[in-house]
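Me: Please give me a close look at one part of this structure: its strand pairing and whatever packs around it. Spell out your cut-offs as you go.

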Amino acid sequence: MTALTDVDFRSAYDGQRVCVTGGAGFIGSHLCHGLVRHGARVRVIDDLSQGLRENLRPLGDQVELVEASILDRKAMAAAADGAEVIFHLAAVASVPRSVAEPELYLRVNVDGTVSVLEAARTCGAKRVVFSSSSSVYGDQPDLPKVESMTLDPCSPYAASKSAGEQFVRAYARCYSFSAVSLRYFNIFGPRQRPDSPYAAVLPLFAEALVRGRRVTVYGDGAQTRDFTHVDNAVHANLLAGATPRVLEGEAVNIATGRAMSVLDLLRAVAAVIGVEPAYETGPPRPGDVLHSLAGLDRARELLGYEPVMDVQRGLEETVRYYVEHLPDVAESVGGTVD
Ligand SMILES: NC(=O)c1ccc[n+]([C@@H]2O[C@H](COP(=O)([O-])OP(=O)(O)OC[C@H]3O[C@@H](n4cnc5c(N)ncnc54)[C@H](O)[C@@H]3O)[C@@H](O)[C@H]2O)c1
């Protein structure tokens, strides 16, 4: 399929009302910036359990923030009211936390997704774009992961995303709206939080190295991931929300299509900061998969998706963001970690 361009995005989104669940979070706030750039009128519903109001502050009154849970059916329906497209990103989003608190994942990620779909159905939205995850593939040895593979969730988080996808597909079949699930592979970029016990690997590495601390690598560091800059996730959402094609609840990989080991990521982050990549190893974490790499054929065919930001350029931009935004970094940057 021919890719949509910025001009097509402008004509698709200009003046259009859209709802973004989880829009104050990392990926959601980048999506809001992209939607506003193309003229959309954006309403966000976010309970601010992880998201931050300040992520949306630069957008001023171009984004309306409803501070509520997607589990609150009334608030969810009010947030979806009048929206033609609902981008559903709100979720609890960590694999290790899901192992510790599985029922939370059932509530927020499964019941929450049904709540969003119900709001879409009753408010007459034309399309739902669901943020799913590569974790649904589990630890199958075959690479790249392609959408025709049987799903094999290894964690409550992966199970909750897999269940969310099934509901998305069922709603697309039973009710007359278009829907798609985007399976993101390890998204990174500015604004991803380093300050949580369940933070993703890149912000953890960047924060530790910027502060001159030793990094902990779980497992031997040879595990690989398809690290994907957030601009690619935003681009995929914009494509999925704008394509004239009817989407029938398909699931689509969204990634860069290149594997990188965790140790290579550490070395790359250290190189941008200008420090030695000092680390110690810890035991592998339950629920983590060994290798992950996306096949992108379906994304190309269904959405006209191609990555818009490569890993190296994305890493440089992101690490520079952490260097600028983490306090008290000046004295540690440029030194050697012990
Ligand atoms: N970051 C990744 O690498 C990655 C990979 C695969 C999938 N995803 C998915 O992408 C989506 C966005 O992830 P992210 O990395 O931006 O995480 P995030 O935690 O920054 O964003 C999630 C947002 O949802 C909000 N939220 C949580 N529970 C809510 C509730 N009950 N009601 C309303 N809002 C609620 C949080 O406050 C937060 O702003 C999630 O669905 C996640 O599962 C992310």
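Reply: Happy to. Two strands count as paired if DSSP finds at least two bridges between them. Strands (E, at least two residues) and helices (H or I, at least four) are DSSP runs numbered from the N terminus. The model is predicted, so to speak of local features pLDDT of at least 70 is needed and side-chain atom pairs count only at pLDDT 80 or more, while totals for chains, interfaces and linings use all residues. Numbering starts from 1 along each chain as its sequence is written.

Let's start with the whole sheet. Seven strands make up an open sheet with parallel pairing, and reading across gives β3-β2-β1-β4-β5-β6-β11. The edges belong to β3 (63–67) and β11 (248–254); each has a single partner strand, so one side of each lacks a neighbour in the sheet.

Now step inward, to the pairing of β1 with β4. Strand β1 covers residues 17–21 and β4 covers residues 85–88; the two run parallel and are joined by four bridges. Within this pair, V18 stands opposite V85 of β4.

Two helices pack on the sheet, with contact meaning that the C-beta atoms of two residues, placed from the backbone, lie within 7 Å. Helix α3 (residues 73–80) touches β1, β2 (41–46), β3 and β4. Helix α8 (residues 230–242) also packs on the sheet, and its list of touched strands is β1, β4, β5 (127–133), β6 (178–184) and β11. Both lists therefore include β1 and β4.

Next, follow the sheet into β5. On one side, β5 pairs with β4 in the parallel sense over four bridges. On the other pairing, β5 and β6 are again parallel, this time over seven bridges. One residue lets you trace the path across: F130 in β5 is the bridge partner of H88, and F130 also stands opposite S181 in β6.

How covered is β5, buried or exposed? Seven of its seven residues are buried. Here a residue is buried if 20 or more other C-beta atoms lie within 10 Å of its own, exposed if 12 or fewer, and partly exposed in between. The cover extends to both faces of β5: one side carries R127, V129, S131 and S133, the other V128, F130 and S132, and all of them are buried.

V128 is a good residue to zoom in on. Leaving out residues up to four places away in sequence, V128 touches I86, H88, L117, A120, V168, F177 and A179. Among these contacts, H88 is also the residue bridged to F130.

For contrast, look at helix α5 (residues 102–123), where L106 lies. L106 is partly exposed, because 16 other C-beta atoms lie within 10 Å. Beyond its neighbours within four places in sequence, L106 is in contact with D111 and S160. Measured against the chain, L106 and L265 are 159 residues apart in sequence, with 32 Å between their C-alpha atoms.

Finally, the ligand brings several of these elements together. Its surrounding shell draws at least two residues from each of α2 (26–37), β2, α5 and β5. The greatest contribution to that shell, three residues, is made by α2. So β5 has parallel pairings with β4 and β6, seven buried residues and a part in the ligand's shell.

Note on methods: Axes are lines fitted to C-alpha atoms, for helices over the stretch in contact, and angles run from 0 to 180 degrees between N-to-C directions.
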